[in-house]
Amino acid sequence: MDKLSALSAFGALSQETRLDVFRLLIRAGEAGMLAGEIAETLDVRQNTMSANLSVLLSAGLVKNTREGRAIRYFADTDGLRGLLGFLLQDCCGGRPDLCGPLIEDIACKC
């Protein structure tokens with residue numbers, strides 16, 4: 001991930017509803033959630049949710065698939081991996097042995 005993509009992702013996550021949506025989709029895992037379910041769960045109007053999902057989609061943090069007239073959203077784990085990789089790229093002065101515990105801790109909490 002390059003700097004501009006990282007800035008786009010951080011910008012998308014810097015708004016409360018979008019951060020809540022992303023965390024909800026992370027919890028939903030491979031099943032994802034329909035847009036309406038997300039809106040209902042977070043008590044957000046459909047049109048507002050649609051705009052927020054669009055921002056997350058553009059930032060590469062979520063992906064979607066159409067199911068008839070509905071759209072199911074998923075956390076884009078490749079996008080998340082890219083963002084985390086960007087953040088940890090220069091971790092510990094290039095000494096991976098020092099970064100190991102941090103990465104292990106993050107992975108174990110998932």
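The following dialogue reads the fold of one predicted chain, from its elements to its sheet and helix packing.

Student: What kind of model is this, and how are residues numbered?

Tutor: This is a predicted model in which local features need pLDDT of at least 70, side-chain atom pairs count only at pLDDT 80 or more, and totals for chains, interfaces and linings use all residues. Residues are numbered from 1 along each chain as its sequence is written, and side-chain values use heavy atoms, with hydrogens and water left out.

Student: How many helices and strands are there in the chain?

Tutor: Helices (H or I, at least four residues) and strands (E, at least two) are DSSP runs, numbered from the N terminus. The chain has six helices and three strands, and from the N terminus on its elements run α-α-β-α-α-β-β-α-α. The C-alpha trace spans about 50 × 30 × 25 Å along its principal axes.

Student: What percentage of the residues count as buried?

Tutor: Buried means under 20% relative accessible area, exposed over 50%, and partly exposed in between (1.4 Å probe, protein chains only). Of the 110 residues of the chain, 29% count as buried.

Student: In what order do the strands form the sheet?

Tutor: Strands of a sheet pair through backbone hydrogen bonds, either parallel or antiparallel. Two strands pair if DSSP finds at least two bridges between them. Here three strands form an open sheet in the order β1-β3-β2, with antiparallel pairing. The edge strands, each pairing on one side only, are β1 (33-34) and β2 (62-67).

Student: Which residues stand opposite one another in β3 and its neighbours?

Tutor: Six bridges join β2 to β3 (residues 70-75). Across this pairing, V62 stands opposite A75, K63 opposite F74, and R66 has I71 as its bridge partner. β1 and β3 pair over two bridges, also in the antiparallel sense, and L34 stands opposite R72.

Student: How many residues lie between β2 and β3 in the hairpin?

Tutor: Two residues lie between these strands, and G68 in the turn has a positive phi of about 70 degrees.

Student: Which helices lie across the strands, and at what angles?

Tutor: Axes are lines fitted to C-alpha atoms, for helices over the stretch in contact, and angles run from 0 to 180 degrees between N-to-C directions. Contact means heavy atoms within 4.5 Å. Helix α2 (residues 16-28) lies across β1, β2 and β3, running at about 85 degrees to β3. Helix α4 lies across β2 and β3, at about 120 degrees to β2.

Student: How do α3 and α4 cross?

Tutor: The axes of α3 (residues 35-42) and α4 (residues 46-58) come within 9 Å and cross at roughly 110 degrees. That makes α3 roughly perpendicular to α4, a term for angles of 65 to 115 degrees. The contact is made by A35, G36, I38, A39 and L42 of α3 and Q46, M49 and L53 of α4.

Note on methods:
Angles under 35 degrees count as roughly parallel, over 145 as roughly antiparallel, 65 to 115 as roughly perpendicular and the rest as oblique.
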